[in-house]
Amino acid sequence: MSFKFCLGEPVATAASAQPLSTAAVDTKDAPSSTEGEESKPRFTFQAVQPKLESQWREVDWTEAQRTSLMKTVSSYKPSCEEVTRARILLLGPVGSGKSSFISSVQSVFDGRVINRAMVGSSSTSFTKKLQSFNIRGQKGEAPTGLVMCDIIGLGDGEITGLTLHDILSVIKGHVPEGHKFSPDQPVRSETPGYVKSPSPEDKIHCVVFVVDASKILTYPKGLSTTFHQLREHISDMGVHQVALLTHVDKICSEIAKDVTQVYKSYTIRDMMGKAAALLGMSTSYIVPVKNYSSDLDLDVNTDVLLLSAVDHILQYADLYFQDNTSQKTQFR
């Protein structure tokens with residue numbers, strides 16, 4: 001399949017995809033050195049893309065802002081006495097950049113590009129089990145109050161994968177660390193390590209959907225139904241959801257050169273709208289990010305965009321704690 005961009009508007013020239021089964025959500029990606037899809041460009045930049053005169057979201061692209069955001073994240077403490085760390089679950093299609101996002105955020109605090117979570121290819125998921133990553137602070141600092149949970153990606157017909165039941169079991173805190181998912185063996189009370197009475201600390205406090213900007217137009221139609229079903233069930237549990245639009249540098253030549261142009265790009269603004277329709281949520285919940293993939297060195301502006309996304313996520317995690325402070329029965 002190939003796509004062309006003319007004056008900032010994506011035009012599909014060919015596409016094919018099998019409908020996603022909404023009964024089983026499957027295989028996933030993981031972060032590491034490179035992701036398979038990144039070696040196969042899906043877009044050709046045919047013309048100079050127009051830009052907005054001013055940012056449609058205000059961002060301060062400075063070293064001072066990066067330092068401020070790092071302090072905000074590293075000093076974060078959940079607004080709930082029963083919980084010491086906010087657990088964030090990343091959900092999205094195979095190759096969307098979930099694991100890469102975890103590694104990229106950790107890279108910012110490590111001061112160098114690292115691959116903490118392993119990354120697979122664009123068609124197969126490297127991550128097969130539930131893995132939790134407590135984001136470490138800068139050297140000499142204690143770990144942050146943020147834990148990102150990585151699981152197998154949503155697929156479109158693979159034999160192995162997640163079921164809706166399994167995803168909800170993870171959010172409820174029943175699934176043990178390291179559990180390997182299989183649609184033939186759903187999580188249940190007999191599962192080794194099954195957490196029968198999860199504590200507030202075991203539960204997921206915010207769900208982050210991750211979608212690849214360069215694939216939005218080619219995702220199977222059934223994927224939108226899957227996202228909508230997931231959002232309905234997760235909302236019923238009182239868990240807030242936000243979303244990341246990854247690989248924005250793959251669909252806009254200006255951002256590939258200068259990430260500070262992300263909120264001046266018509267292309268990104270339009271793709272945010274398409275992501276909102278896919279997920280069934282307002283664009284106010286969605287933030288664009290550029291993960292470190294082939295990069296060897298950190299970039300201040302990329303760091304600011306990544307840390308801004310983390311700050312956005314933590315705000316919604318805190319809403320969960322605030323909502324449940326007066327409703328402690330939901331913790332039991």
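1. A residue is called buried here when its relative accessible area is under 20%, and exposed when that area is over 50%. By this criterion, 55% of the 332 residues of the chain count as buried. The model is a predicted one, and its chain has 7 helices and 11 strands. Among contacts between residues at least 6 apart in sequence, 78% join residues that are at least 24 apart.

2. The sheet deserves attention early in the reading. Six strands form an open sheet in the order β6-β7-β5-β9-β10-β11, and the pairing within this sheet is mixed. Its edges are formed by β6 (131–134) and β11 (286–288), each of which pairs on one side only. From one strand to the next, the twist averages 25 degrees.

3. Strand β9 can be followed through its two neighbours in the strand order. On one side, strand β5 (residues 86–91) pairs with β9 in the parallel sense over 4 bridges, and L91 stands opposite F209 of β9 in this pairing. The pairing of β9 with β10 is likewise parallel and runs over 6 bridges, with V208 standing opposite V242 in β10. Strand β10 (residues 241–246) is in turn joined to β11 by 3 bridges, the two strands running parallel, and here A243 stands opposite I286 in β11. Helix α6 (residues 266–279) packs on the sheet and touches β9 (206–212), β10 and β11, while its direction makes about 140 degrees with that of β11.

4. The burial of β9 merits a separate comment, since 7 of its 7 residues are buried. In a regular strand the side chains alternate between the two faces of the sheet. In β9, C206, V208, V210 and D212 point one way, whereas V207, F209 and V211 point the other way, and all of these are buried. The list includes D212, which is thus buried together with the other residues of the strand.

5. Which residues touch the most other members of the largest nonpolar core? They are F101, F209 and L245, in a core of 88 residues. Helix α7 (residues 300–325) gives the most to this core, contributing 13 residues. In soluble globular proteins, nonpolar side chains tend to be buried together. When neighbours within four places in sequence are left aside, F209 is in contact with a set of residues that includes L91, F227, L230, I234, V242, L244, L279 and M281, and that also takes in R231 and Q241.

6. The packing of helices α3 and α4 can be checked directly in the model. Two packed helices are described by the angle between their axes and the distance between the axes. For α3 (residues 164–172) and α4 (residues 221–236), the angle is about 35 degrees and the axes are 11 Å apart, and the crossing is right-handed. In this packing, L164, I167, L168 and I171 of α3 meet L230, H233 and I234 of α4. The buried residues of α3 are D166, I167, L168, S169, V170 and I171. After α3 comes G173, whose phi is positive, near 90 degrees.

7. Is K98, which is found in helix α2 (residues 98–110), buried or exposed? K98 counts as buried because its relative accessibility is 0%. A polar atom of the K98 side chain lies 2.9 Å from the backbone oxygen of P93, and the side chains of K98 and S96 are joined by a polar contact of 3.4 Å. A reader inspecting this lysine may therefore wish to view P93 and S96 alongside K98, given that K98 is buried at 0% relative accessibility and has polar partners in both.

8. The loop between β5 and α2 is the place of G95. G95 is buried, because its relative accessible area is 0%. In sequence, G95 and L154 are 59 residues apart, while in space they are 9.4 Å apart, taken from C-alpha to C-alpha.

9. A polar residue on an edge strand closes this note. N134 is found in strand β6, which is one of the edge strands. N134 counts as buried because its relative accessibility is 18%, a value under the 20% limit. The side chain of N134 makes a polar contact of 3.3 Å with the side chain of R85, and the N134 side chain also reaches the backbone oxygen of L146 at 3.0 Å.

How values were computed:
Residues numbered from 1 in each chain as written. Predicted model: local features only at pLDDT ≥ 70, side-chain atom pairs only at ≥ 80, totals over all residues. Heavy atoms only, no water. Core = buried A, V, L, I, M, F, W, Y, C linked by side-chain atoms within 4.5 Å. Buried < 20%, exposed > 50% of the residue type's maximum accessible area, 1.4 Å probe, protein only. Contact = heavy atoms within 4.5 Å. Pairing = 2+ DSSP bridges. Axes fitted to C-alpha atoms, helices over the stretch in contact; angles between N-to-C directions. Polar contact = N/O pair within 3.5 Å; in protein donor to acceptor, adjacent residues only side chain to side chain. Left-handed = near helix turned anticlockwise from the far one by under 90°.
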